[in-house]
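Colleague: Please give me a close look at a single part, the C-terminal helices. Then place that part in the whole assembly, and keep it brisk.

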There are 2 protein chains.
Amino acid sequence: MNYKKALFLINRKMAEIHYPHQPKTLYESINYILSMDGKKIRAILTLMACHLFQENIKPAINTALAWEIFHNFTLIHDDIMDNATLRRGNPTVHAKWNKTVALLSGDSMLILAYKYIAKSPKQYRDILLKLFSFTATKVCEGQMYDVLFENRSNILKKEYLNLIHLKTATLLSACLYSGAIIGNANKQDAKILKIFGVNLGIAFQIQDDVLDTYGNSSFGEKISNDIISNKKTYLLISALNSSNKIERDELLFWLNEKEQKEKKVTSIINLYNKMKIKEKAYKTIKNYYNKALDCLNTINIKEEKKNILIDFTNQLKNRKF
Amino acid sequence: MNYKKALFLINRKMAEIHYPHQPKTLYESINYILSMDGKKIRAILTLMACHLFQENIKPAINTALAWEIFHNFTLIHDDIMDNATLRRGNPTVHAKWNKTVALLSGDSMLILAYKYIAKSPKQYRDILLKLFSFTATKVCEGQMYDVLFENRSNILKKEYLNLIHLKTATLLSACLYSGAIIGNANKQDAKILKIFGVNLGIAFQIQDDVLDTYGNSSFGEKISNDIISNKKTYLLISALNSSNKIERDELLFWLNEKEQKEKKVTSIINLYNKMKIKEKAYKTIKNYYNKALDCLNTINIKEEKKNILIDFTNQLKNRKF
């Protein structure tokens, strides 16, 4: 079961979601975000983790969907908080409808995610329900830090790593762990996969930070939202923490700038370039990806099965958006 | 187990909720709303329903808490949507912190509610989990209608009843039903209690509408929020649907008025009085309370147990805020 097969299964299952006709606005907005083309990484990881330990991945599909719907719930609510207007190249839910609709469709999607957890295999339902709530809480905590950090310029790298651990890594890790549980993995292997997920998640998030500023978006919304909104990304924290006085003053000047958006983006990128921040970030990203791959080496399963997950990891590593 | 005993047990259990220390803002805001003095009707109904069928209500306490936390989640998010500044006489979460904090603490509370459902008795957990998600979805649908109705002046009484059925009655009904399930009631009795809950919920919500406009708030925030925000309450819909041309024009004039808030409230109340809208509303309320009490008569349990629920119903019926 390679990446394409997994994606196909997930998309097919998502297309089967039944939405009530009324209230129209509520279900149209949920359908709108869930029908967008997305990478479906969380659902894919769930299926792949299950497949590592058993051929039949069918029992994992509802759980995979639960994670994916949960992820989309966080996107809708995060976009409200960030005042973001574009998501995957399309208007965000609150931009297309309004914030009230976005708030309610997010809430409904969180509940919908739980409905899919309730459809997970009976013998694992309790543990998956607990895992799901635990993870969801961590993601909210991470988002809270993300918001609180916006008004601070003295974030330590340790604090940033804790934030992305909560917001991204815990989720990817939980997806993999849930797949392993459903695949009936032994405790040791499931635990290794969890650690694999944490490292993958941290690598993935730092890379996301880099791509927001340096990547070619597949959707064409190029100008770095992170820079405009003073998001405390790996790049910015790295720059703030390794700058000399002149560089720091320049950074702080641009962080306080609200009007000249394009100039702000160009100036900060120039500073990043001068300080070789991107190169430092890629070193860290590589580090975490390698740590993740090292984990996989210690799992006791056939190479050909492992290779599917290794290939997918490399695909994530080499992504350009 | 009378009303006071139930409230005591719930308050004690809520005081035991453990909040992590960090992120401080997130957990302070959750603790803030959950510590407010509230009527705890949903949790009380859960315990009372259980007690109808068995002496030991301990197995119902986690589920009771889940409903109460869920209800408070809806309050936080509703207050964002309604731009309300006061809740139970205190600043709303978004007024005290900000909308981002309110959004996130609401999300976290919905997850917290599910954590309590996950602690419900193992043999009923599946059915309670399903009931919880089903009910939560209905409440979101109800809130969506509530918001969508704001910009319409042609709401039918049927549409309003559907809205409050979804937003209030389904929840009260589910609380009672869950208590009956945990109390190991037979199917027939559990079903009757569900119908009792629907009628109680409709009566309760119409009464809430009346009290917002006519009641003496226990917290002193008297001026009718519903009138100021053009909320489609029982009173307003009743007035719109039974007005003659002159009355309707006057109503529509005041609905379009945004500035003169106090004058708007006084004028609309005067119109309601002239049209005897309050009396009509109380007739309907009494009707639904009676329907609810009729249901209780058909349940096959000792009168003394029934009387506790009848007393509580009468207490709700006679409330002044």
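Modeller: One definition to begin with. A helix here is a DSSP run of H or I with at least four residues, and helices are numbered from the N terminus. One caution as well: this is a predicted model.

Start in chain A. Helix 15 of chain A covers residues 303–317, and A:Gln315 lies in it. Is A:Gln315 buried or exposed? The cut-off for exposed is 12 or fewer other C-beta atoms within 10 Å. A:Gln315 has 12 of them, so it is exposed. Its position also links distant parts of the sequence. A:Gln315 and A:Tyr3 are 312 residues apart along the chain. In space, their C-alpha atoms are 9.6 Å apart.

Now move to helix 15 of chain B, which spans residues 303–317. Its partner here is helix 14 of chain B. The two axes come within 11 Å and cross at roughly 175°. Helix 14 and helix 15 of chain B are therefore roughly antiparallel to each other. Which residues make the contact? Helix 14 of chain B supplies B:Tyr289, B:Ala292, B:Leu293 and B:Leu296. Helix 15 of chain B supplies B:Lys306, B:Leu309, B:Ile310, B:Thr313 and B:Lys317. By class, that contact has six nonpolar residues, one polar and two charged.

Helix 14 of chain B also packs on helix 9 of chain B. Helix 9 runs over residues 187–214, and helix 14 over residues 277–297. Their axes lie 8 Å apart, at an angle of about 160°. That angle makes helix 9 of chain B roughly antiparallel to helix 14 of chain B. The crossing of these two helices is left-handed.

The residue list for this pair is long. On the helix 9 side of chain B, the contact includes B:Ile192, B:Ile195, B:Phe196, B:Asn199, B:Leu200 and B:Ile202. Also on that side are B:Ala203, B:Ile206, B:Gln207, B:Val210 and B:Tyr214. Helix 14 of chain B answers with B:Lys278, B:Ala281, B:Thr284, B:Ile285 and B:Tyr288. It also brings B:Tyr289, B:Lys291, B:Ala292, B:Cys295 and B:Leu296. The contact of helix 9 with helix 14 of chain B divides into 16 nonpolar, three polar and two charged residues.

Look at B:Tyr289, B:Ala292 and B:Leu296. They are among the helix 14 residues that meet helix 9 of chain B. They are also among those that touch helix 15 of chain B.

One further residue of helix 14 of chain B deserves a stop: B:Asn290. B:Asn290 has 13 C-beta neighbours inside 10 Å, so it counts as partly exposed. Its C-alpha atom is 9.7 Å from that of B:Phe196. Along the chain, B:Asn290 and B:Phe196 are 94 residues apart.

The loops that lead into these helices have backbone details to check. In chain B, B:Asn184 sits in the loop between helix 8 (157–182) and helix 9. B:Asn184 is not a glycine, yet its phi is positive, about 60°. With 14 C-beta neighbours inside 10 Å, B:Asn184 is partly exposed. In chain A, A:Lys276 is in the loop between helix 13 (261–274) and helix 14 (277–297). A:Lys276 is not a glycine either, and has a positive phi of about 55°. With 12 C-beta neighbours inside 10 Å, A:Lys276 counts as exposed.

The N-terminal loops carry cis peptide bonds. In chain A, the bond from A:Gln22 to A:Pro23 is cis, with omega near -10°. A:Pro23 is in the loop between helix 1 (3–15) and helix 2 (24–34) of chain A. In chain B, a cis bond joins B:Gln22 and B:Pro23, with omega about -10°. B:Pro23 is in the loop between helix 1 (3–15) and helix 2 of chain B.

Finally, the assembly. Chain B superposes on chain A by a rotation of 180°, with 0.0 Å of shift along the axis and an RMSD of 0.0 Å. The two copies are thus related as by a two-fold rotation axis. The same surface serves both copies: 100% of the contact residues of chain B recur in chain A. Within chain B, B:Asp107 comes closest to the axis, its C-alpha at 3.7 Å.

At the interface, 28 residues of chain B are in contact with 28 residues of chain A. Helix 2 (24–35), helix 4 (61–82), helix 6 (99–117) and helix 7 (122–149) of chain B each give two or more residues to that side. Helix 7 of chain B gives the most, with 12 residues. The chain B side divides into 17 nonpolar, seven polar and four charged residues.

Key:
Residues numbered from 1 in each chain as written. Chains lettered and ligands numbered in written order. Predicted model: local features only at pLDDT ≥ 70, side-chain atom pairs only at ≥ 80, totals over all residues. Least-squares fit on C-alpha atoms with pLDDT ≥ 70 in both. Contact = placed C-beta atoms within 7 Å. Nonpolar A, V, L, I, M, F, W, Y, C, P; charged D, E, K, R; others polar. Axes fitted to C-alpha atoms, helices over the stretch in contact; angles between N-to-C directions. Parallel < 35°, antiparallel > 145°, perpendicular 65-115°, else oblique. Left-handed = near helix turned anticlockwise from the far one by under 90°. Buried ≥ 20, exposed ≤ 12 C-beta atoms within 10 Å, placed from the backbone.
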